[in-house]
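Please look at the model shown here and follow how a protein surrounds the molecule bound to it.

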Amino acid sequence: MQELSHWVNGQHVKGTSGRFGDVFNPATGDVQARVPLASIAELDAAVAAAAAAQPQWGATNPQRRARVMMEFVRLLNRDMDKLAEALSREHGKTLPDAKGDVQRGLEVAEFCIGAPHLLKGEFTDSAGPGIDMYSMRQPLGVVAGITPFNFPAMIPMWKFAPALVCGNAFILKPSERDPSVPLMLAELLQEAGLPDGILQVINGDKEAVDAILDNPIIQAVGFVGSTPIAEYIYGRGCANGKRVQCFGGAKNHMIIMPDADMDQAADALVGAGYGAAGERCMAISVAVPVGDATADALIERLIPRLEKLKVGPYTAGNDVDYGPVVTAAAKANIHRLVETGVAQGAKLVVDGRDFSLQGYENGFFVGPHLFDHVTPDMDIYRKEIFGPVLSTVRAQSYEEALALAMDHEYGNGTAIYTRDGDTARDFAARVNIGMIGINVPIPVPLAYHTFGGWKKSAFGDLNQHGPDAFRFYTRTKTITARWPSGIKEGAAFNFKQMD
Ligand code: NAD
């Protein structure tokens with residue numbers, strides 16, 4: 001059995017806590033590796049080493065730090081196939097989707113090559129007589145990221161790439177479900193020229209997370225995962241005086257207006273609802289057709305498309321539509337929620353409950369499910385299922401559809417399908433959700449914009465990647481300077497006006 005490690009001071013380091021977690025191959029159900037779960041002492045030692053290494057890295061000029069990212073991007077492209085294969089083996093997603101996972105992280109590293117420009121401060125010449133005023137963005141010191149299983153390449157890179165080019169040292173606590181790719185990324189960064197100790201990868205569970213939240217050296221924590229854990233981390237991290245941003249769960253609605261191209265909407269729903277087995281925070285999990293005729297036309301198109309979906313292991317080829325979910329527990333949770341949907345009166349028009357894949361009976365595969373006549377009081381509507389299950393809630397008007405999306409506690413993403421510009425514009429302006437698609441089902445912003453939800457999908461006031469990341473991982477210092485001008489005014493007790 002393969003035993004994974006931590007990555008500390010530029011080396012793989014065995015765990016010493018005596019505690020391990022199982023890493024599965026979701027396609028077969030087999031345990032393929034065990035990952036060490038760090039103790040408080042292991043975490044604290046990695047943080048102390050990072051703190052010792054950081055000042056020199058922070059003082060390295062931004063252009064040199066950016067060059068490390070430039071080389072990192074080259075290495076990611078070189079190793080794309082290897083990374084994608086390791087990712088699919090632990091996560092279960094298809095190879096093309098795994099490459100997308102690496103690519104969307106790579107693009108943030110690419111954006112970070114612009115760090116010298118993004119870190120430029122502001123300067124006011126002659127703010128007063130002989131007085132100049134300028135501000136600079138300085139690294140925070142040691143910062144940390146705690147990341148989820150569903151994007152084991154992209155989200156760690158969203159966190160560490162901007163943090164590192166800003167001059168911080170970074171402690172990454174990846175998901176214990178699929179920890180191999182984050183370790184490979186650390187190796188690549190070393191090859192790209194990152195000094196040892198500046199990126200430490202500490203594997204672990206709640207014990208390591210709590211150690212991060214309580215460690216006084218760590219200045220900031222970025223989290224992505226489920227909402228209950230996001231709320232917990234936000235509360236405990238803030239109470240300990242840290243800068244914290246936490247991105248949580250989602251229930252993304254797609255509104256389908258009667259004038260939409262129904263075939264396009266149905267295709268979009270299949271990709272956005274079932275791609276990656278629904279394990280995306282930007283997956284569409286609720287379809288809201290406006291009017292019964294729209295709903296009937298949509299369901300009629302969805303059923304044959306779902307019947308044709310190819311569910312299988314990533315090794316079965318690139319025409320597989322989606323793979324298994326991540327663990328047996330995730331599969332059981334999805335099936336449990338599907339049963340509540342049936343019990344609470346929703347109509348299961350595509351029933352994936354008996355799905356089984358020959359030769360992979362122990363794998364964590366879940367067949368596609370489609371519910372119609374879902375109502376807002378049902379568990380399948382209120383809760384994030386994180387599986388290949390799409391709920392249809394029929395609305396009778398645009399206002400009713402808009403209200404549904406707005407009243408839901410989550411506010412990560414949403415989409416509207418329509419040919420009417422006025423409706424699309426009104427929707428984008430009024431809806432209380434962070435990322436909006438207009439005839440685009442998964443509106444994940446590109447690296448140079450920022451990513452973040454509203455309501456219970458995010459805690460903290462800055463988004464991920466884009467310019468916000470440079471604000472989150474630096475603090476501003478503002479200097480007011482006067483060089484000897486012969487002015488000797490004596491003490492001043494009021495705020496000085498600049499004449
Ligand atoms: P999770 O909350 O179970 O785990 C996320 C991280 O928190 C992991 O590193 C895990 O080790 C740690 N953790 C788990 N339980 C903990 C506890 N009790 N105390 C302290 N730390 C704990 O999430 P997941 O299942 O890995 O990921 C799926 C979730 O992430 C979904 O809810 C999805 O919507 C969300 N997600 C959100 C975004 C976003 O940007 N909003 C992006 C991707 C995923």
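The report below describes the place of the ligand, its surroundings and its polar contacts.

## Where the ligand lies

This is a predicted model, and within it the ligand sits in the largest pocket. Two elements, α8 (206–214) and β11 (218–224), are the ones that give two or more residues to the shell around the ligand.

The position can also be described by domains: domain 1 (2–248 + 457–479) and domain 2 (252–438) both contribute residues to the shell, and therefore the ligand lies between them.

## What surrounds it

There are 26 residues around the ligand, and of these T147, K173, E176, S226 and E384 come nearest. When the shell is sorted by class, it holds 13 nonpolar residues, nine polar residues and four charged residues.

## Polar contacts and burial

Both backbone and side-chain atoms of the protein take part in the contacts described here. In T147, a polar backbone atom is 2.8 Å from an oxygen atom of the ligand, while in G225 a backbone N or O atom lies 3.2 Å from an oxygen atom of the ligand. S226 contributes through its side chain, where a polar atom lies 2.6 Å from an oxygen atom of the ligand.

How much of the ligand's exposed area does the protein bury? Taken alone, the ligand exposes 840 Å², and the protein buries 86% of that area.

How values were computed: Residues numbered from 1 in each chain as written. Predicted model: local features only at pLDDT ≥ 70, side-chain atom pairs only at ≥ 80, totals over all residues. Heavy atoms only, no water. Near = heavy atom within 4 Å. Polar contact = N/O pair within 3.5 Å; in protein donor to acceptor, adjacent residues only side chain to side chain. Areas by Shrake-Rupley, 256 points an atom, 1.4 Å probe, with all protein chains shown as cover. 1 Å grid on protein atoms, 1.4 Å probe; cavity = no way out; pocket = protein on both sides within 12 Å on 5 of 7 lines; lining within 4 Å. Sits in = over half its atoms within 2 Å of the grid points. Helix = DSSP H or I, 4+ residues; strand = E, 2+ residues; numbered from the N terminus. Nonpolar A, V, L, I, M, F, W, Y, C, P; charged D, E, K, R; others polar. Domains from an automatic or database assignment.
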